[in-house]
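This briefing goes through selected residues, strands and cores of one model. Please keep the sequence and the structure open while reading.

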Amino acid sequence: GSHTILVDRFEGKKLNRPNDVVVRSDGDIFFTDPWWDFGGGEERETPHVGVYHLSADLKKTTLIGKDYRVCNGLAFSEDEKILFVNDSYGFTEEMGPHIRAYDVRADGSIDSESSRIWAKLPLGKKEGKPDGMKVDQAGNVYCGGAGGIWIFDKNGKHLGIVDHGDTQTNNLCFGGADMKTLYFVSWIGFHSIQLQTPGIPLPPHPRR
């Protein structure tokens, strides 16, 4: 097959390390662009890390937010009225790891001024930081974090942790015929767990 680069620069500067992506049902694309220094001496062009919106027609890229240390996973609420973005370290030393929330306007655009701290994920005693995120059909948010997968209800209340006894939870997704299987990967393993509430299936995509 072949691949096409959709965006690799913003305002003429090369992006940092595009990390995670989510596609809204209307075809709009959202992605995080953190920075890690891998020790290769690569010079950084974009001075900030950020969350971006790429329009469905692939013609316009917009910076939604840049007050992050390491923006990482992102996901839409079940009704696509909220965009969740996590920060693996927190924009200040005092804040620490957390999930940010943005309101989605009636026309589908993101209200960047609505940015707020939706939930905090303390580092705890076990390894792990906020990474991949997914949402189920009841609006519960699943986020990799210290000690396993952190689960919050649609109002940001911490419900519990899936402690899989492994290291960092890197990414996760729902699958199976009934979308009740949660698959996730750690640094050293590929796991699955059966749930009672199904996840949100991928929406029909205009370009598929």
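Asp33 sits in strand 4, which covers residues 29-33. The model is a predicted one. In it, Asp33 is buried and has no salt bridge. The points below start from this residue and then turn to the cores, the hairpins and two further residues.

**Asp33**
- Arg44 carries the nearest side chain of opposite charge, 7.2 Å from Asp33. A salt bridge is counted within 4 Å, so the Arg44 side chain does not form one with Asp33.
- A backbone atom is reached instead: the Asp33 side chain lies 3.0 Å from the backbone nitrogen of Asn16.
- Beyond four places in sequence, Asp33 touches Leu15, Asn16, Arg17 and Pro18, and also Val49, Gly50, Tyr52 and Cys71.

**Nonpolar cores**
- The largest nonpolar core has 15 residues, and the members touching the most others are Phe30, Leu83, Val85 and Ile110.
- Two or more residues of this core come from each of strand 7 (71-76), strand 8 (82-87) and strand 9 (98-104). Strand 7 supplies the largest share, three residues.
- A second core, separate from that one, has 14 residues, among them Ala75, Ala119, Leu121 and Cys143.
- Val85 has contacts well along the chain: with neighbours within four places in sequence set aside, they are Thr32, Val51, Tyr68, Cys71, Gly73, Leu74, His98, Ile99, Arg100, Tyr102 and Met133.

**Strand 12 and its partners**
- Strand 12 spans residues 141-145, and five of its five residues are buried.
- Val141, Cys143 and Gly145 point one way from strand 12, while Tyr142 and Gly144 point the other way; residues on both sides are buried.
- Strand 11 (residues 133-135) runs antiparallel to strand 12 and is joined to it by three bridges. Within this pair, Val135 is opposite Val141.
- The hairpin of strand 11 and strand 12 has five residues between the strands, and Gly139 in its turn has a positive phi of about 90 degrees.
- Strand 13 (residues 148-152) is also antiparallel to strand 12, with five bridges joining the two. Gly145 has Gly148 of strand 13 as its bridge partner.
- Strand 12 and strand 13 form a hairpin with two residues between the strands, where Gly147 has a positive phi near 90 degrees.

**His164**
- The loop between strand 14 (158-162) and strand 15 (169-175) holds His164.
- Is His164 buried or exposed? His164 has a relative accessible area of 19%; the limit for buried is under 20%, so His164 counts as buried.
- A polar contact of 2.7 Å links the side chains of His164 and Thr169.
- Not counting residues within four places in sequence, the contacts of His164 are Gly147, Gly148, Thr169, Phe184 and Ser186. Gly147 belongs to the hairpin of strand 12 and strand 13, and Gly148 is the bridge partner of Gly145.

**Ser112**
- Ser112 is part of strand 10, residues 110-120.
- The relative accessible area of Ser112 is 30%, which means that Ser112 is partly exposed, between the limits of 20% and 50%.
- Which residues does Ser112 touch, apart from those up to four places away in sequence? They are Ile64 and Tyr102.
- Between Ser112 and Gly65 the C-alpha to C-alpha distance is 6.5 Å, although the two are 47 residues apart in sequence.

Technical notes
Residues are numbered from 1 along each chain as its sequence is written. This is a predicted model: local features need pLDDT of at least 70, side-chain atom pairs count only at pLDDT 80 or more; totals for chains, interfaces and linings use all residues. Side-chain values use heavy atoms; hydrogens and water are left out. A nonpolar core is a set of buried Ala, Val, Leu, Ile, Met, Phe, Trp, Tyr and Cys residues joined through side-chain atoms within 4.5 Å. Buried means under 20% relative accessible area, exposed over 50%, partly exposed in between (1.4 Å probe, protein chains only). Helices (H or I, at least four residues) and strands (E, at least two) are DSSP runs, numbered from the N terminus. Contact means heavy atoms within 4.5 Å. Lys and Arg count as positive and Asp and Glu as negative; His and the chain ends are not counted. A polar contact is a pair of N or O atoms within 3.5 Å; within protein, one must be able to donate a hydrogen and the other to accept it, and residues adjacent in sequence count only if both atoms are side-chain atoms. Two strands pair if DSSP finds at least two bridges between them.
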